[in-house]
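I opened my notebook and set the structure beside it. Here is what I looked up, entry by entry.

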Amino acid sequence: MAYLMPALAWAQEMHRPAIHFSPKKGWMNDPNGMVYLNGTYHLFFQHNPDSTVWGPMHWGHAVSKDLVHWKELPIALYPDSLGTIFSGSAVVDFNNTAGFGKQAMVTIYTNHNHRLEAAGSDKFQNQSIAYSLDEGKTWTKYNGNPVLSNPGIRDFRDPKVSWYEAGKKWIMTLATKDRITFYSSPDLKHWKEESQFGKDLGAHGGVWECPDLFPLNDNGREIWVLIVNINPGGPNGGSGTQYFTGSFDGHSFKADHTGTKWLDYGPDEYAGVTWSNTPGRRIFLGWMSNWDYANVVPTQNWRSATSIARELKLVKTSDGYLVASQPVREFNKVKTSTGNYHIKATKGKLALSLSRAASFTVTLSNDVGEQTVIGYDHQKREYFIDRRLSGDTAFHNGFAARYTVPRFTHSAVLDLTLVIDVSSVELFADGGRSVMTAIFFPHKDYTDLNISRNVPVKKISYEEFE
């Protein structure tokens, strides 16, 4: 598989990702409205087209046939009299429950009214919908918006909507300050509250945001997963994505554990949610940054990228269920095998297998002495990403740090996959049980990859993206 870098000036900018989506210009944060229809994956995203810092939110739009190569389209949703366009989701209304048309694509999003917020009202976030009858090319906002009005909660946002077949109704999973509130609707227009979850469960170091609710299968048993993004309060500081496993009956979610679980332990995966309408697969994507420094990272004409698309799977352990994530199979079309411990490379996918667990390092570096070190500490049983010497770190006093994730298996065999781009690395270990994402900004691109010697390597493969 080759990634063909566009021969355009914006694509040659310093730190511009080669194998991750980033907007041509302007600001980007949360992925929104991810939905699959007729062979095309749609990605909408929080977007300020007129500045490289957070500002009046629009919904940007990009599409892909393979979850790897993305084409940016014109802006889908613009601010209106109800407010700017905050995060939300999209569905395909196959049964025409809303009456907009069969197979209408419907977005459900938060209108944020800055005027009401400035006036001191608590009711400045409300839920609205828009629809498209041409597979996302053009959009019409529903003239009855908002469809769910704020009852008086300052943080009342980020609706993730899905069809609940057993109850023949839509379920909205909404972030409401320090908990999740579930709503149901027969037609996407009229909503009633079903239940609340989470006031005293999980991590509460910051406000709850960008939730998602979906089932995964464990040998025929349906296990429900509730994703809740949180900022601050993540596992390595700042933003993070936690999740709960349990059951959902169409009315309420019940967790099967009381502890906190994280989908990604790195500093730079946030606002992650999954695609709608991908039967047999649950595909996840996050924003590859952190609110601690997102507005000041040293890029020029744009800020931020998404993570790569990841497939989620359940792993049953003695302590309950883990949700593991791995790069989607679309990243596996070509592999170049190698036995080398030193690879000349700037962007690609490294797969490393050890016959027994042992400490090791993988070092990305350039010829001016900058480096990011990824590895495993066998004594502490943790993987790490160390970007203290990674390059430009002066823009935020907490950026230069070493980040860790526990190893969640006692298997003697150890496997690691690294997805390496111009300014990021994503770590997937032990079948995706341990995951980390981190960005970095070297003054010159990394050109060398070195694996520590004298470790029990069984196999090394490296696929370079061109």
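My entries go from confidence to sheets, then to pockets, cavities and some odd backbone spots.

**Entry 1: confidence**

I noted at the start that this is a predicted model. I looked up the mean pLDDT of the chain and found 95. I also saw that 96% of the residues reach 70 or more. Then I checked residues 1-7, where the pLDDT is below 50. Beyond near neighbours in sequence, that stretch has 24 contacts in the model.

**Entry 2: a six-stranded sheet**

I traced an open sheet of six strands. I wrote down its order as β24-β33-β26-β27-β28-β29. The pairing in this sheet is antiparallel. I asked myself why β24 and β29 each have one side without a neighbour in the sheet. β24 (342-344) and β29 (402-406) stand at the edges with a single partner strand each, so one side of each is left free of a neighbour in the sheet. I also looked up the turn between neighbouring strands here, and on average it is 15°, direction ignored.

Next I picked one pair from this sheet. Strand β27 covers residues 371-377 and strand β28 covers residues 382-386. I found five bridges between β27 and β28, in the antiparallel sense. Which residue of β28 stands opposite Tyr376? I found Tyr383 there.

I added a reminder from my course. Strands of a sheet pair through backbone hydrogen bonds, in either the parallel or the antiparallel sense.

**Entry 3: a five-stranded sheet**

I moved on to an open sheet of five strands, in the order β4-β3-β2-β1-β20. Its pairing is mixed. The edges belong to β4 (71-77) and β20 (302-303). Each has a single partner strand, so one side of each has no neighbour in the sheet. I then looked at β1 and β20, which pair in the parallel sense over two bridges. Trp27 has Arg303 in β20 as its bridge partner.

**Entry 4: the largest pocket**

I looked up the largest pocket and noted about 780 Å³ of space. Its lining has 34 residues. Which of them lie nearest the centre? I listed Ser162, Trp163, Pro215, Asn277 and Arg282.

I then asked which strands supply the lining of this pocket. β5 (84-93), β9 (156-164), β10 (169-176), β13 (207-218) and β21 (310-317) each supply at least two residues. β13 gives the largest share, six residues. By class, I recorded 19 nonpolar, eight polar and seven charged residues in this lining.

**Entry 5: the second largest pocket**

I noted a volume of about 350 Å³ for the second largest pocket. It is lined by 19 residues. Nearest its centre I found Trp54, Phe86, Gln125, Arg157 and Glu209. β1 (26-37), β5, α1 (114-118), β9 and β13 each give two or more residues to this lining. The classes are five nonpolar, seven polar and seven charged.

**Entry 6: cavities**

How many cavities of 30 Å³ or more does the structure hold? I found four. The largest cavity has about 120 Å³ of space. It is lined by 13 residues, and closest to its centre are Ser304, Ala305, Ser423, Ile439 and Phe441. I recorded seven nonpolar, six polar and no charged residues in the lining of the largest cavity.

The second largest cavity has about 70 Å³. Its lining includes Pro31, Asn32, Asp158, Lys160 and Cys210. β1, β5, β9, β13 and β18 (270-274) each give two or more residues to this lining. By class, the second largest cavity is lined by six nonpolar, four polar and two charged residues.

**Entry 7: odd backbone spots**

I wrote the background first. Most residues other than glycine have a negative phi, and most peptide bonds are trans.

I found a cis peptide bond between Asn145 and Pro146, with omega about -5°. Pro146 sits in the loop between β8 (140-141) and β9. Another cis peptide bond joins Asn231 and Pro232, with omega about -10°. I placed Pro232 in the loop between β14 (221-231) and β15 (240-248).

My last check was Gln103. Its phi is near 60°, a positive value in a residue other than glycine. Gln103 lies in the loop between β5 and β6 (104-112).

Notes. Residues numbered from 1 in each chain as written. Predicted model: local features only at pLDDT ≥ 70, side-chain atom pairs only at ≥ 80, totals over all residues. Heavy atoms only, no water. Pairing = 2+ DSSP bridges. Helix = DSSP H or I, 4+ residues; strand = E, 2+ residues; numbered from the N terminus. Axes fitted to C-alpha atoms, helices over the stretch in contact; angles between N-to-C directions. 1 Å grid on protein atoms, 1.4 Å probe; cavity = no way out; pocket = protein on both sides within 12 Å on 5 of 7 lines; lining within 4 Å. Points joined across faces, edges and corners; volume = space filled by probe spheres on them. Nonpolar A, V, L, I, M, F, W, Y, C, P; charged D, E, K, R; others polar. pLDDT = per-residue confidence, 0-100. Contact = heavy atoms within 4.5 Å.
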